[in-house]
Structures are given as structure tokens and as C-alpha cells.
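Student: I should like a close look at a single helix and at what surrounds it. Please take me through that part in one connected account.

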Amino acid sequence: MSKQFRRAIVVGASSGMGEAIARQLAADGCRVALVARRADELARIAKEIDPAAGQARANILVHDVREGEQVPALFQTLCRELGGLDLIVYAAGVMPRVAEDEYAFAKDRAMIEVNVLGAMAWLNEAAQRFATGGEGTIVGVSSVAGDRGRRGQPAYCASKAALDTYLESLRNRLRRRGGKVVTVKPGPVDTPMTR
């Protein structure tokens, strides 16, 4: 990340890529709002990010992204607490184990709710703010899994393909107004989710 960002929200900040991104932003001097379900992990990360003395670098918000109706108010609160917003990173994601002969709608639903609908809830708020303000950056962490349907994870692949298209649409909307949208598509990464 660059030192150009002074105030950021990282959704999915309790582990993996979201945690790494939040740590790097804070190390670069950015104030970061850490958003995830696991309060204990968020507290641990915030404590490690914040310097022993001086201005705090991390705010914590315990939130399950499947609760999309809560997002508008939470988003506004975080923007006020941070004193504005330059960047939002959506790194929340789930990929439960699915056996090759398993067709589990509950697991499929969870992947769509977290990987797609949660992203829409948070990033729609940011897109509206950045379109009005004429600047700001949205980063969505997707995956090369969205490039094609793989037999081992049909719903996960579908969720990342949907996220890719959603981010592309936001990019096309915001480009005219000064906002930026970045889609990050890593291959396999050693994170708690992929273990």
C-alpha cells in the first residue's frame, strides 16, 4: 500500500490478507478501521498496530457482513470516527470445505452472502461517498477462482466471478467521477481460509 492513504476501512481484517493489508496501511501512517466478526482477533491486531504512545492507528468494529442492513449506519459512523475516508478494502471471504460429491446449499449460501452480498453492502456505501466527493479508492479482494468454474468449489468460483463483475461495474461508474476501483485476483495464498 502507499502512503497516499490516510484513512481506510478494511473489511475482513481479522486474518489473512485483510490483516496484512491493515497492518501495512497502519505502518504507513494510515488510520485504519478494522472490521470483522471476531472481536478477540480484532483486539489483538489493533493492540499490535497501535504504537505504545501517540495517536491510535486502529479502530475496531465487530460486524458480520451477512448483516447488510446494518452497513449504512456503520459506514457513516466509521467515516466520522476516522475523520473521512480515502480507501476501503473488502477482504472478507469464506470458502468452507466442500467434498466433490457434496451439494450443500447452506455452504453455497454462506459464500454468496459473505463474498458477494457483504461486498455489495459495504462497497455501495463507499461508491456513493466517492462519487459525491470525486475521489477515493475501492479495493476488492477477489480470486483467480472466479475466472472459470472448478469442480471442487462451484459456489466459491461463482461468488468470485460475481464479485469481479460487480467491481468492474463500479469501476465503470466511478471512473467518470474521480473514484478508483481495483480488483485484486491472487492465486492460492497460504491463509487460514485456504488451510
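Tutor: A convenient place to begin is the end of helix H4, which is followed by Gly134, a residue with a positive phi near 80°. The model is a predicted one, in which local features need pLDDT of at least 70 and side-chain atom pairs count only at pLDDT 80 or more, while totals for chains, interfaces and linings use all residues. Residues are numbered from 1 along each chain as its sequence is written, and side-chain values use heavy atoms, with hydrogens and water left out. Helices are DSSP runs of H or I with at least four residues, numbered from the N terminus.

H4 covers residues 105-133, and its 29 residues should span 42 Å at 1.5 Å a residue, the expected span being 1.5 Å times one less than the number of residues. The end C-alpha atoms of H4 are 40 Å apart, which agrees. Along the way, H4 bends by about 35° at Glu113, the bend being the angle between axes fitted to the seven residues ending there and the seven starting there.

H4 also contributes to the one aromatic pair that the structure holds. In this pair, Phe75 and Trp122 are edge-to-face, at 6.4 Å centre to centre with 65° between the planes (rings of Phe, Tyr and Trp, the last by its six-membered ring, pair if their centres lie within 6.5 Å; planes under 30 degrees apart count as stacked, over 60 as edge-to-face and the rest as tilted). Because Phe75 lies in helix H3 (residues 71-82) and Trp122 in H4, the pair ties together parts that are 47 residues apart in sequence. Phe75 counts as buried, at 0% relative accessibility, where buried means under 20% relative accessible area, exposed over 50% and partly exposed in between, with a 1.4 Å probe and protein chains only. Trp122 likewise counts as buried at 0%.

Definitions and conventions:
Helix = DSSP H or I, 4+ residues; strand = E, 2+ residues; numbered from the N terminus.
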